[in-house]
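The following exercises concern one protein chain and are each followed by a worked solution. Please consult the sequence and the structure while working through them.

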Amino acid sequence: MENMNAPRKSRLATASLLLGAIGPLALSCTLLCTWAGVEKKLSADINELIIIIVIACAVLIVIAPALAIIFGHVALRRIKKSTGQQTGLDRAFAGMVLGYLVLLFILLLLISMKFSLVRGDDPKISGVRAN
């Protein structure tokens with residue numbers, strides 16, 4: 001029989017960790033599908049499927065890390081207030097770190113894309129032909 005006074009694991013901390021793990025998976029899926037759609041000559045049906053996957057993953061890339069950060073902060077506060085009745089600080093912290101890292105990577109990716117477009121690195125935009 002389970003001890004009724006035993007500390008229980010925070011569900012919010014677990015949710016934070018899971019959502020934090022979804023972010024990198026969605027990001028890699030989006031980058032892979034985008035690369036496959038741009039670099040390869042694929043049929044129209046496959047291109048439509050890739051577009052749907054990219055859109056779905058792009059939504060997950062933003063929502064999952066944001067929720068991981070929010071749930072992690074709330075879980076940390078609740079665990080600290082619980083005076084030992086709840087555990088899961090490691091899960092909450094890991095979820096928050098993953099969430100922040102994914103959002104930081106997205107921000108850096110967007111900044112680098114903006115500067116590459118401003119400099120004219122893309123031959124389609126700058127009008128310069130690649131040899």
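Two residues are in contact when heavy atoms lie within 4.5 Å. The model examined here is predicted.

**Exercise 1.** Determine which secondary structure elements the chain contains and in what pattern they follow along the sequence.

*Solution.* Step one: the assignment yields four helices and two strands. Step two: read along the sequence, these elements give the pattern β-α-α-β-α-α.

**Exercise 2.** Locate Gln 86, state whether it is buried or exposed, and list its contacts beyond four places in sequence.

*Solution.* Step one: Gln 86 belongs to strand S2, which spans residues 86-87. Step two: its relative accessible area is 16%. Buried means under 20%, so Gln 86 is classed as buried. Step three: with neighbours within four places in sequence set aside, Gln 86 contacts Pro 7, Arg 8, Ser 10, Arg 78 and Ile 79.

**Exercise 3.** Classify Leu 104 by accessibility and identify the nonpolar surface patch to which it contributes.

*Solution.* Step one: Leu 104 is found in helix H3, residues 89-119. Step two: Leu 104 counts as partly exposed because its relative accessibility is 43%. Step three: Leu 104 joins Phe 93, Val 97, Leu 101, Leu 107, Leu 108, Ile 111 and Phe 115 in a nonpolar surface patch of about 750 Å².

**Exercise 4.** Characterise the chain as a whole by burial, exposed area and contact separation.

*Solution.* Step one: of the 131 residues in the chain, 24% are buried. Step two: the chain exposes about 9400 Å², of which carbon and sulfur atoms supply 69%. Step three: among contacts with a separation of 6 or more, 78% are between residues 24 or more positions apart.

Terms used: Residues numbered from 1 in each chain as written. Predicted model: local features only at pLDDT ≥ 70, side-chain atom pairs only at ≥ 80, totals over all residues. Heavy atoms only, no water. Patch = residues over 30% accessible without salt bridge, like charges linked within 9 Å, V, L, I, M, F, W, Y side chains within 5 Å. Areas by Shrake-Rupley, 256 points an atom, 1.4 Å probe, with all protein chains shown as cover. Salt bridge = Lys/Arg side-chain N within 4 Å of Asp/Glu carboxyl O. Buried < 20%, exposed > 50% of the residue type's maximum accessible area, 1.4 Å probe, protein only.
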